[in-house]
Amino acid sequence: MENSAISQPLDIVERCKQGDRHSYKELYDLCKNRVYSTAIRLLGNAQDAEDAVQETFIKVFKNIHMFRGDSSVFTWIYRISVNICIEHMRKKKNVPYHDSLDDTEGDPVVVADTQNPVTARLIIEKEIEQLPEGFKTVFVLHTIEGFKHREIADILDISEGTSKSQLAAAKSRLREQLLPYLEVIQNEL
Amino acid sequence: MNCEEFWKIYEDSGITPEGEDHLLDCPGCRKELRAEKVLMNIVQNLPEHEAPDTLWARIEGALPNKQIVEERERPNFDSIIHYIRGMFTYLQAVPFKPVCAACVIMLMSILATRYYYTRPLSPEDRLLKQDEIAYELEQKEQDYIAAIDKLSKLVENKKSSIDPELYDLYREKIALLDDYILQCRDALEQNESNTNVRTYLALAYKEKAETLQEMYELIN
Ligand SMILES: [Zn+2]
C-alpha cells in the first residue's frame, strides 16, 4: 500500500497523451482497485463509488495532456478521484441518507451481532463512514490507503499540520466509538 | 503529562518513557490504547475492494469517440487561423526559405480543404452552403482589406521605431502573404465560386491584418 514505492509508468502516460485507447485501459487497470476502494470508503456504497470512478477516469483521460509529471501519476489520479468523492459527499449531505448499516445506529443489537466474525469490521466501517468529511478523508487516505501526510496535504490542498490534526481527531473519535464494544471485539480478534 | 499530551505525543512518536509513566497512572488512556490497537488491527486488514469488471465498459462508453467527433465537427475558422498563426510564429524564429513558404501554403490548403470537406452535404445544401460561405468570406475580405489599408499606413509612418531585424522578419512574412493573396486572386479569376480559394484568401487577409496589428502594437 506504499504509494511512493510504485514506479511511475511514464511511457503509459505518454501513450495516453497520444490518445492510445489500449494505454488508457492499462493505466486504469493499474489503479482501478485503489481508486474504487477509496471511493467506497469515502462514499459508503458501490453505486456512488462506481459513478465517482467513472467520473474520475473520464476526467483523467480528458486532462492527461495537462499531467506534467511534477508528482506521481498515481498521486495526480488520486487527487482527482478524492476531489470528485468530496464533491459527491457534499451533494449527499443535502439529501436524507439511508443505507443498510444506518438502521443499527445507537442500537444495542450491534453488540449482539458481534458473534458474527465480520461484525467488528462492520462497526469500524460504519463509524468511519459517519466521520465528518475532513476527518474521514484524511483517515481513509492515511490509515487505510497508506498515503503520507505530505501526499495527503498535496491531494487535499491542506497543510501537513492540518492533515495530522484531522487524523488525530478522527482516530480519537473512532476509539471513543469503539470503547463500548471493546470486550466483545477483542474476543473476536 | 495529561491525557491530551499523551495522545499528541503518541501520534507523532508512539509511546515514550513519559507516556509509559502516564499509562501506569491512567486507566482511561490504557483502555483507549486497547481501542487504538483494535482499531489499527481491523483497519489495516480491511480488504481492498475490487472494481467491478463492468466498470471499464461504462468508462469507455462515456469517453468521447475521437474519430466520430472529427468526422462530425467542422473545424471552425478561428482554430484554423490559430494553426496557421502557430506556423508563422515558428517560421519567424527561423530564416525564411522558399521551402518554408511552400510548407505554409500546403498547410493552408490542407486545412482549408479539411475545413470545407469534412461534412458530406447534399448537392442542394452544398450550393446553398457555398453561397453562404462565399458571402461571409467576401464580407470578411472587405473588412480585412479596410483594416490592412489603415494599418499599413500607420505602420509605414512609424516603421523606423521597430527593431530593424524584427521589421525585416515582418516584411518577409507580409511579402509571403501578399504572394499568397495574389495566387488566390488568380485562382478566383478562373473560378469565382471556388469556396476553398475564398477561404484561403480570407485566412491570408486575416493573417496579414493581424500581423500589421502586431507591428502597430510594437510601435506604440
Ligand atoms: Zn490519560
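This report walks through a predicted model of two protein chains and a zinc ion.

## Two chains built from helices

Let's start with the overall layout. Chain A has 10 helices and 0 strands, and chain B likewise has 10 helices and 0 strands. If you read chain A from the N terminus, the elements run α-α-α-α-α-α-α-α-α-α. Reading along chain B gives the pattern α-α-α-α-α-α-α-α-α-α.

How much of each chain is tucked away? In chain A, 48% of the 189 residues are buried. In chain B, buried residues make up 36% of the 220 residues. You can also ask how far apart in sequence the touching residues are. Take the contacts in chain A with a separation of 6 or more: residues 24 or more positions apart account for 68% of them. For chain B, looking at contacts between residues at least 6 apart in sequence, 71% join residues at least 24 apart.

## The zinc site in chain B

Now for the metal. Which residues hold the zinc ion? The protein donors are Cys3(B), Cys26(B) and Cys29(B), each through its SG atom, plus His22(B) through NE2. These donors lie 2.1 to 2.3 Å from the zinc ion. Along the chain, they follow the spacing C-x18-H-x3-C-x2-C. The arrangement counts as tetrahedral because the 4 donor atoms subtend angles of 104 to 113 degrees around the zinc ion, and the cut-off asks for all angles to lie between 85 and 135 degrees.

Two of these donors are worth a second look. Cys3(B) sits in helix H1 (residues 3–13) of chain B, while Cys29(B) sits in helix H3 (residues 27–44) of chain B, so the pair ties together parts that are 26 residues apart in sequence. Are they buried or exposed? Cys3(B) has a relative accessibility of 36%, so it counts as partly exposed. Cys29(B) is buried, because its relative accessible area is 3% and the limit for buried is under 20%.

## Nonpolar cores

Here's a handy bit of background: in soluble globular proteins, nonpolar side chains tend to be buried together. In this model, the largest nonpolar core has 63 residues. The members that touch the most others are Leu27(A), Val53(A), Phe57(A), Phe61(A), Ile77(A) and Phe139(A). Helix H4 (residues 73–93) of chain A gives the most to this core, with 11 residues.

Let's zoom in on Val53(A). Leaving aside neighbours within four places in sequence, Val53(A) is in contact with Tyr28(A), Val35(A), Tyr36(A) and Ala39(A), and also with Leu55(B) and Ile59(B) from the other chain. Apart from this big group lies another core, of 22 residues, which includes Val155(B), Tyr170(B), Leu188(B) and Met215(B).

Val155(B) also turns up in another pairing. Its C-alpha atom is 8.7 Å from that of Gln213(B), although the two residues are 58 residues apart along the chain. Gln213(B) belongs to helix H10 (residues 195–219) of chain B, and it is partly exposed, with a relative accessible area of 33%.

## Where the chains meet

What does the meeting of the two chains look like in numbers? The contact takes 42 residues from chain A and 31 residues from chain B. Together the chains bury about 3,500 Å² between them, with 65% of it on carbon and sulfur atoms. On the chain B side, His49(B), Trp56(B) and Arg58(B) supply 18% of the area that chain B buries against chain A, more than any other three residues.

Charged side chains join in too. There are 7 salt bridges between chain B and chain A. Glu36(B) and Lys171(A) also meet through their side chains in a salt bridge, at 2.9 Å from N to O.

Ser37(A) gives a close-up view. Ser37(A) is part of helix H2 (residues 21–43) of chain A, and it is buried, with a relative accessible area of 1%. Not counting residues up to four places away in sequence, Ser37(A) touches Glu145(A) along with Glu48(B) and His49(B).

## An unusual backbone angle

Most residues other than glycine have a negative phi. Asp157(A) is not a glycine, yet it has a positive phi of about 60 degrees. Where is Asp157(A) found? It lies in the loop between helix H8 (149–156) and helix H9 (160–178) of chain A. Asp157(A) is exposed, because its relative accessible area is 70% and exposed starts at over 50%.

Note on methods:
Residues are numbered from 1 along each chain as its sequence is written. Chains are lettered from A and ligands numbered from 1 in the order in which they are written. This is a predicted model: local features need pLDDT of at least 70, side-chain atom pairs count only at pLDDT 80 or more; totals for chains, interfaces and linings use all residues. Side-chain values use heavy atoms; hydrogens and water are left out. Donors are N, O and S atoms within 2.8 Å of the metal (3.2 Å for Na, K and Ca); water is not among the atoms, so sites may look incomplete. Four donors count as tetrahedral if all angles lie between 85 and 135 degrees; four count as square planar and six as octahedral if opposite donors are over 155 degrees apart and all others between 65 and 115; anything else is irregular. Helices (H or I, at least four residues) and strands (E, at least two) are DSSP runs, numbered from the N terminus. Buried means under 20% relative accessible area, exposed over 50%, partly exposed in between (1.4 Å probe, protein chains only). A nonpolar core is a set of buried Ala, Val, Leu, Ile, Met, Phe, Trp, Tyr and Cys residues joined through side-chain atoms within 4.5 Å. Contact means heavy atoms within 4.5 Å. Buried area is the accessible area (1.4 Å probe) that two parts lose on being put together, summed over both. A salt bridge is a side-chain nitrogen of Lys or Arg within 4 Å of a carboxyl oxygen of Asp or Glu.
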